[in-house]
Amino acid sequence: MRFRRLKLAGFKSFVDPTELRIEPGLTGIVGPNGCGKSNLLEALRWVMGESSAKSMRGGGMEDVIFAGTATRPARGFAEVQLAAELDGDAVAGPIGVSEDGELEVVRRIERGAGSAYRVNGRDVRAKDVALIFADAATGAHSPALVSQGRIGAVIAAKPAERRAMLEEAAGIAGLHVRRRDAEQKLRATEANLTRLGELIADME
Ligand code: ATP
């Protein structure tokens, strides 16, 4: 998967609609202190399904909405849109991609109404978005996004944490999610079978 464009509106310090083209290769973000470099990386992680407000440097998820300044009022919503190109045979799970192979994910949060996601114009669940990116070996916790302090964290990581990073990079994190789902369904089915056995025994 290759990211092509990132669009933000009302997200943290990016109150006005802003569009960035992401060119092939390594992308670095430079600028003076406080200009919004980390906010951009956070927008990327957020649209890919980040669910921890703390890791977005906020107390609650609504803190990503532009909070206002001395001269501009606060906004009622924040929206981030990510356009990506899928590699050759990759598919965006059950969601599908547009005819030109582009995947467009939009996440929007409104005050008091929580987050909503759309993929290529269709409403989807947060879980669907997380799976698309997990299968493509990227996502909110992708090792491809190197934020401040991350290199130190990799060096200091425990073996189990390092394994999780490698699995994320290898694109098999999505399989773990599916396995957990399947195990839950299996347990529920086993409980139903046990109950059924008891009912049959009662009737005999
Ligand atoms: P540094 O180089 O110091 O790490 P940076 O370029 O990474 O800075 P950010 O941390 O991305 O900058 O941006 C900080 C700016 O974003 C601050 O001015 C802060 O007030 C502003 N900001 C963060 N959240 C919001 C919000 N919800 N509404 C308005 N402004 C916000």
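In this predicted model, strands E1 and E3 run antiparallel and are joined by seven bridges. Within this pairing, Phe3 has Ala84 of E3 as its bridge partner.

The two strands belong to an open sheet of six strands. The strand order is E2-E1-E3-E4-E5-E6, and the pairing is antiparallel. Strand E2 (18-21) and strand E6 (122-124) stand at the edges. Each has a single partner strand, so one side of each lacks a neighbour in the sheet. From one strand to the next, the twist averages 20°.

Two helices pack on this sheet. H1 touches E1, E3 and E4. The direction of H1 makes about 80° with that of E3. H2 touches E4, strand E5 (114-119) and E6. The direction of H2 makes about 55° with that of E5.

The largest nonpolar core holds 34 residues. Among these, Ala43, Val47, Leu82 and Val129 touch the most other members. Five elements are listed as giving two or more residues to this core: strand E1 (2-9), helix H1 (37-47), strand E3 (77-85), strand E4 (102-110) and helix H2 (126-135). H2 supplies the largest share, six residues. The contacts of Leu82 were examined individually. Leaving aside residues up to four places away in sequence, Leu82 touches Phe3, Leu6, Leu44, Val47 and Val105. Of these contacts, Phe3 is also the residue bridged to Ala84 in E3.

The ligand is surrounded by 14 residues. Ser13, Lys37, Ser38, Asn39 and Ala67 come nearest to the ligand. By character, the shell divides into four nonpolar, seven polar and three charged residues.

Two residues that are not glycine have a positive phi. One of them is Lys12, with a phi of about 45°. Lys12 lies in the loop between E1 and E2. Lys12 counts as buried because 23 C-beta neighbours lie inside 10 Å, and the cut-off for burial is 20 or more. Asn120 also has a positive phi of about 45°, although it is not a glycine. Asn120 is found in the loop between E5 and E6. With 15 other C-beta atoms within 10 Å, Asn120 is partly exposed. The loop of Lys12 thus leads to an edge strand, E2, and the loop of Asn120 adjoins the other edge strand, E6.

Technical notes. Residues numbered from 1 in each chain as written. Predicted model: local features only at pLDDT ≥ 70, side-chain atom pairs only at ≥ 80, totals over all residues. Core = buried A, V, L, I, M, F, W, Y, C linked by C-beta atoms within 7 Å. Buried ≥ 20, exposed ≤ 12 C-beta atoms within 10 Å, placed from the backbone. Helix = DSSP H or I, 4+ residues; strand = E, 2+ residues; numbered from the N terminus. Contact = placed C-beta atoms within 7 Å. Near = placed C-beta within 6 Å. Nonpolar A, V, L, I, M, F, W, Y, C, P; charged D, E, K, R; others polar. Pairing = 2+ DSSP bridges. Axes fitted to C-alpha atoms, helices over the stretch in contact; angles between N-to-C directions.
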